[in-house]
Amino acid sequence: QQTQLPLEPGAINGGLMKRSGDTPAPVITVDVDAIDDALKQIEAAGGSTVKPRTEIPGMGAFAYFKDTEGNVVGLWETAPTQS
């Protein structure tokens, strides 16, 4: 059961992980319907993938990209709920 995910649109949530060369600072992450589609649009606009789609079992998936100004931004796709 997904008890840690916010249930209302616009809620703020987060997680902690070790910093790396690609993510030396906190990463602002935005919710998307489909990470793979978002990454295609980002790359078509001149951005690049830093970390491809990575699954978090039972929660969803994330990815990181670099925009055309060098900022690293995250993408989040919530896993579909199972009924």
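The following questions and answers concern a predicted model and the reasons for the terms applied to it.

Q: Why is aspartate 31 called exposed?
A: Aspartate 31 has a relative accessibility of 57%. Exposed means over 50%, so aspartate 31 counts as exposed. This residue is found in strand 1, residues 29-31.

Q: What makes Asp31, Asp33, Asp36 and Asp37 a patch of negative charge?
A: Asp counts as negative, and like charges are joined within 9 Å when their residues have over 30% relative accessible area and no salt bridge. Asp31, Asp33, Asp36 and Asp37 gather on the surface in such a patch.

Q: Why does isoleucine 35 count as buried or exposed?
A: Its relative accessibility is 0%. Buried means under 20%; therefore isoleucine 35 counts as buried. Isoleucine 35 belongs to helix 1, residues 35-44. Its C-alpha is 6.6 Å from that of leucine 75, although 40 residues separate the two in sequence.

Q: How do you know that strand 1 and strand 4 pair?
A: Pairing requires at least two bridges, and strand 1 and strand 4 have three, in the parallel sense. Valine 30 stands opposite leucine 75 of strand 4.

Q: How do you know that strand 3 and strand 4 pair?
A: At least two bridges are needed, and seven join strand 3 (residues 60-66) to strand 4 in the antiparallel sense. Alanine 61 has glutamate 77 in strand 4 as its bridge partner. In the hairpin of these strands, with five residues between them, glycine 70 adopts a positive phi near 90°.

Q: What makes strand 4 mostly covered?
A: Five of the seven residues in strand 4 (residues 72-78) are buried, that is, under 20% relative accessible area.

Methods. Residues are numbered from 1 along each chain as its sequence is written. This is a predicted model: local features need pLDDT of at least 70, side-chain atom pairs count only at pLDDT 80 or more; totals for chains, interfaces and linings use all residues. Side-chain values use heavy atoms; hydrogens and water are left out. Patches are made of residues with over 30% relative accessible area and no salt bridge: like charges are joined within 9 Å, nonpolar side chains (Val, Leu, Ile, Met, Phe, Trp, Tyr) within 5 Å. Accessible areas come from the Shrake-Rupley method with a 1.4 Å probe; for residues, only the protein chains shown count as cover. A salt bridge is a side-chain nitrogen of Lys or Arg within 4 Å of a carboxyl oxygen of Asp or Glu. The place of a charge is taken as NZ of Lys, CZ of Arg, CG of Asp or CD of Glu. Helices (H or I, at least four residues) and strands (E, at least two) are DSSP runs, numbered from the N terminus. Buried means under 20% relative accessible area, exposed over 50%, partly exposed in between (1.4 Å probe, protein chains only).
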